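Opening my notebook on this one. I want to see how the copies relate, then walk through a few spots inside.

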There are 2 protein chains.
Amino acid sequence: MGVSLLLPLEGVRVVDLTNFLPGPFCSMILSDFGAEVIKVERPPKGDPARYQGGMFTSAGRNKKSVALDLKSDEGKEALRKLVLNCDVLMEGFRPGVLDRLGFGWEAVRALNDRVVYCSISGFGQTGPNRDLAGHDVNYLSIAGALSISGDPDGPPVAGGGVQVADLTSAMYAAVSVLAAIINRGRTGKGAYLDVSMTDCVLAFMGPRILEYFDRGMPPKGTMMGRSGFGAYRTRDGKYVSVGCLELNFWQRLCDALGDPELGRDPKYLGWFDRMKYRAEINPRLDEKFLLRDRDEWMKILREADVPVTPVNRIEELENDPQFVSRGMIKRVNGQPLVAFPVKFEGLELREPGPAPELGADNGGILGGPGL
Amino acid sequence: MGVSLLLPLEGVRVVDLTNFLPGPFCSMILSDFGAEVIKVERPPKGDPARYQGGMFTSAGRNKKSVALDLKSDEGKEALRKLVLNCDVLMEGFRPGVLDRLGFGWEAVRALNDRVVYCSISGFGQTGPNRDLAGHDVNYLSIAGALSISGDPDGPPVAGGGVQVADLTSAMYAAVSVLAAIINRGRTGKGAYLDVSMTDCVLAFMGPRILEYFDRGMPPKGTMMGRSGFGAYRTRDGKYVSVGCLELNFWQRLCDALGDPELGRDPKYLGWFDRMKYRAEINPRLDEKFLLRDRDEWMKILREADVPVTPVNRIEELENDPQFVSRGMIKRVNGQPLVAFPVKFEGLELREPGPAPELGADNGGILGGPGL
């Protein structure tokens, strides 16, 4: 079999013990770059994400699956073989679980000191919260993101639409695994990565934390309230969003909406003033936007060079001209999979493919010539 | 000067022409891993983020700054020298701008074919939207995230708290640069990376897209509404968040709140049922949570092994015991900077340091012995 020099992780084998979203989303990225990802699942049901509406299909693409009971001697022996022959080991158990099964960092390093060992957990492997249970909303909460989430004038709501904590930690795990692979090229040794989902959300909060203190610790509504920047409802019940942060865009928006006085009012010329007086400004904008349908406003505002986009509903994504042009959604077994979002020259990516059946590769991998 | 084998990007030089948040957040990560990041800024004011409440301080740490007018011959010559001596070039102009200045991908590759050239733009370098202006909210909007953002039963609101589109694209740029560096180790050649912020948000939407179709295209409230999972107001006006997705956590929550009948009601035993009947369940929970202060509920619910966390306000982060224990926030010149969120063994990170004054390194870099 030929090896492509242009798949950057061709020849890298990832043994992935993680479930649900954070770990699998990370190993999906490694697989998109050409790594061989072997998903190790617990029989008889496997990754619980298999039963959670599409999550498994989304992140499982192109992976292999072996079903191993890690509490049995056979399962342990099979995992030992995999560890001897892998480059990256990923796990998302509660801290200490894999150690008790005989596959903690020290034990794995003794077997194969080239392994990059990546642990993903809710709060990290250390600290007072290490053993606590939690979900996405808890990590957002403790990292301060929830306190400024949702409607600016309403209570905290995990309102990001996407699974911010899960996906943020998946991305930090991926950059860290790649950095550790680069380092191994110079030192010959693997590394241990302790990825805390909470800490990853806190890193995303970095710019907001400084903004908050710089602005004198404003309440949520003052910090997050906007006008001329956000979604507005149109006559047909759809929404457009406009991003008029700069004065020129703000004035073009008011002109195109037919309210040029609003754009010239000296009270609203500064961005912070438009945030401050949002309760005066937004109702005037709301009223205007309700006068026409979404697509009419799209045409008028695009012609006026205002930053405007439709608020696409999920079923509209596949036919959006920009995504069609970029080839961003590919149907695999009838399912819409999103391609890796960066386009390359001088580098190749693996195309999205199907997710494996549970244990599909038990024969080929555990008994195969590769190990 | 000694080179540390344990800083994975030691010896990698990044020339960073980007402003605001997406590009600088990416090069901050490369710098944390040991790369030398030279920020090229336009005189006389430099990166507009310098005037935007903390954003610059947050992402500028440990970078160098040179002020170059890329429209002047001197500026072009200086950038040419930098390109001849760099590993990564990052830019975030509107598509085509750098090409017209003589530093498009083909021109840079002709100067130095080992360069990893990373362009970050709102919609990408191709497609009908390529030349449109936009901001974070526009990218969230076209990628479908806005349609399921904010309060589940309210209008679309960019309610993630953090700058989801900016930071998502920073992370995809970072993983892609690292993959291209790995590839260069085998091929000797750089690569071109076309990072579209919109496409990056769409990639984060991947799991939601499949969930949406799997669940029969539910309206936003049905898709995103929760009960027993989210923030609840306590007697002192603060909030706690609970993450009771699993039945055992749900029942423990109801018991600890003093409403065991709610946890046993057969109507609410399934997760999807608890989402469906949230309008019946949440008011009962709201009422209970209002009976005690936040810290009382924290104690009671932790003892009951319910996934519960305080909804920290930003000023509470620095003293949160978990973040203190993990050393996550470091004061640099009095400013609270968030450390890289992954802890390593076998790999080192650069500690957070100050951001540069505009042009601080003009002398040292442009006239220095390194070039």
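**Entry 1: symmetry**

I superposed chain A on chain B and got a rotation of 180° with 0.0 Å of shift along its axis, RMSD 0.0 Å; the fit is least squares on the C-alpha atoms of residues with pLDDT of at least 70 in both copies. That is the relation of a two-fold axis. The same surface serves both copies, as 100% of the contact residues of chain A recur in chain B (contact means heavy atoms within 4.5 Å). I also looked up which residue of chain A comes closest to the rotation axis: A:Gly160, with its C-alpha at 1.9 Å.

Housekeeping: this is a predicted model, where local features need pLDDT of at least 70 and side-chain atom pairs count only at pLDDT 80 or more, while totals for chains, interfaces and linings use all residues. Residues are numbered from 1 along each chain as its sequence is written, chains are lettered from A and ligands numbered from 1 in the order in which they are written, and side-chain values use heavy atoms, with hydrogens and water left out.

**Entry 2: strand E5 of chain A**

I checked burial here (buried is under 20% relative accessible area, exposed over 50%, partly exposed in between, with a 1.4 Å probe and protein chains only). Helices (H or I, at least four residues) and strands (E, at least two) are DSSP runs, numbered from the N terminus. In E5(A), residues 116–121, 6 of the 6 residues are buried, so the strand is largely enclosed by the rest of the structure. In a regular strand the side chains alternate between the two faces of the sheet. On one side I find A:Val116, A:Cys118 and A:Ile120, on the other A:Tyr117, A:Ser119 and A:Ser121, and both faces are covered.

Next, its partners (two strands pair if DSSP finds at least two bridges between them). Strand E4 (residues 88–91) of chain A runs parallel to E5(A), joined by 4 bridges, and A:Met90 stands opposite A:Cys118. Strand E6 (residues 191–196) of chain A also pairs with E5(A) in the parallel sense, over 6 bridges; there A:Ser119 stands opposite A:Asp194.

**Entry 3: across the chains**

I followed A:Asp194 and found its side chain in a salt bridge with B:Arg326, at 2.7 Å, N to O (a side-chain nitrogen of Lys or Arg within 4 Å of a carboxyl oxygen of Asp or Glu). A:Asp194 lies in strand E6 of chain A and B:Arg326 in helix H15 of chain B, so the pair joins two chains. Both A:Asp194 and B:Arg326 are buried.

Helix H15 (residues 321–326) of chain B also holds B:Gln322, buried at a relative accessible area of 1%. Which residues does B:Gln322 touch, not counting those up to four places away in sequence? I get A:Phe123, A:Thr126, A:Gly127, A:Pro128, A:Asn129 and A:Arg130.

**Entry 4: more salt bridges**

The structure holds 58 salt bridges over all chains. I looked at B:Asp32 with B:Arg61, where the closest N and O atoms are 2.7 Å apart. B:Asp32 is in helix H1 of chain B and B:Arg61 in the loop between helix H2 (55–59) and strand E3 (64–67), so the pair ties together parts 29 residues apart in sequence. B:Asp32 is buried at 1% relative accessibility, and B:Arg61 is buried at 3%.
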